[in-house]
Amino acid sequence: MRILAAVLLISLLGLAQAAEVAGVKFAERIDGPGDAKLLLNGAGLRERLFVDVYAMGLYLPERKTRAEEILALAGPKRIAIRMLRDVSAESFTEALIDGLRKNHSDAEMVRFGPRIAQLTGIMAEIKEAKAGMAIDIDWAQGEGLRLRIDGQPTGQPIVGVDFYRALLRVWLGLNPVQDDLKAGLLGAGS
């Protein structure tokens, strides 16, 4: 009987790891880049001037509760962004670049310059991140950073795990774009 109760408790805890943010459901487990099985680490809401911009989930090979652990974690990852309103590609990438600047030195920004330009170019081709659009930013060794729009690969892969970690710092760095979004991605409240 105790074994049955333990199995039931573990099952219920597993179900509790799925999250819903502003009506967007993030599954507990997904098939990620490179055929990886990833777990939802946490989820949160990006707001700007009291307007919901996007819901976001962070998927990792194993759950972590500290930003430093996530940044150091090897293996595939997915940043899952679900747009809640229309945002121009230019505004979207400007916000990413601003987040990068707040978490990196001038020298690091220069080093990331070509890859920032590549990401900006991919987003420019999209023209607009529309409400309902699924934007996944994947990392897998051997595949690089891969942008997927509504499940379809977009643009060429961007090399360097250092750049993927730099993007993660936009949300998880010392100066995150939004403190409560960072807390949600770290698993607090998801």
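Visitor: What makes E5 and strand E6 (residues 77-83) a pair, and in which sense do they run?

Guide: E5 and E6 pair in the antiparallel sense over six bridges, and two strands count as paired if DSSP finds at least two bridges between them, so six bridges satisfy the rule. Within this pairing, Ala55 of E5 stands opposite Arg82 in E6. The names themselves come from DSSP runs numbered from the N terminus, with helices being runs of H or I of at least four residues and strands being runs of E of at least two.

Visitor: What kind of model is this, and how are the residues numbered?

Guide: This is a predicted model, in which local features need pLDDT of at least 70 and side-chain atom pairs count only at pLDDT 80 or more, while totals for chains, interfaces and linings use all residues. Residues are numbered from 1 along each chain as its sequence is written, and side-chain values use heavy atoms, with hydrogens and water left out.

Visitor: Which strand forms a hairpin with E5, and what is found in the turn?

Guide: E4 (37-48) and E5 (51-60) form a hairpin with two residues between them, and these strands pair in the antiparallel sense over nine bridges. Glu47 stands opposite Asp52 in E5. In the turn, Leu49 has a positive phi of about 55°, and Phe50, in the loop between E4 and E5, also has a positive phi, of about 65°, although it is not a glycine.

Visitor: Why is Phe50 called buried or exposed?

Guide: Phe50 has a relative accessible area of 85%, and exposed means over 50%, so Phe50 is exposed (buried means under 20%, partly exposed lies in between, with a 1.4 Å probe and protein chains only).

Visitor: How do you know where E5 as a strand stands, enclosed or not?

Guide: Eight of the ten residues of E5 are buried, so E5 is largely enclosed by the rest of the structure.

Visitor: What makes Ala22 buried, exposed or partly exposed?

Guide: Ala22 has a relative accessible area of 44%, which lies between the two cut-offs, and therefore Ala22 is called partly exposed. Ala22 is found in the loop between strand E1 (19-21) and strand E2 (24-26), and its phi is near 50°, a positive value in a residue other than glycine.

Visitor: Why is His104 called buried or exposed, and what does its side chain meet?

Guide: His104 has a relative accessible area of 9%, which falls under the limit for buried, so His104 counts as buried, and its place is in the loop between helix H3 (89-103) and helix H4 (106-126). A polar contact is a pair of N or O atoms within 3.5 Å (within protein, one must be able to donate a hydrogen and the other to accept it, and residues adjacent in sequence count only if both atoms are side-chain atoms), so the 3.4 Å between the side chains of His104 and Arg169 qualifies. The backbone oxygen of Leu100 lies 2.8 Å from a polar atom of the side chain of His104.

Visitor: How do you know that Asn41 is buried or exposed?

Guide: Asn41, placed in strand E4, has 4% relative accessibility, so Asn41 counts as buried. The backbone nitrogen of Lys64 lies 2.7 Å from a polar atom of the side chain of Asn41.

Visitor: What makes the residues that line the largest cavity nonpolar, polar or charged?

Guide: Ala, Val, Leu, Ile, Met, Phe, Trp, Tyr, Cys and Pro count as nonpolar, Asp, Glu, Lys and Arg as charged, and the others, Gly among them, as polar. The lining of the largest cavity therefore divides into six nonpolar, two polar and no charged residues. Among those that line this cavity are Thr93, Leu96 and Phe163, and H3 gives the most to the lining, with four residues.

Visitor: How do you know that Gly184 is buried or exposed?

Guide: Gly184 has 4% relative accessibility, so Gly184 counts as buried. Gly184 is found in helix H6 (residues 179-185), and Gly184 and Leu58 are 126 residues apart in sequence and 9.3 Å apart in space, C-alpha to C-alpha.

Notes:
On a 1 Å grid over the protein atoms alone, a cavity is a set of points where a 1.4 Å probe fits but cannot get out, and a pocket is an open set with protein on both sides within 12 Å along at least five of seven lines; lining residues have an atom within 4 Å of a point.
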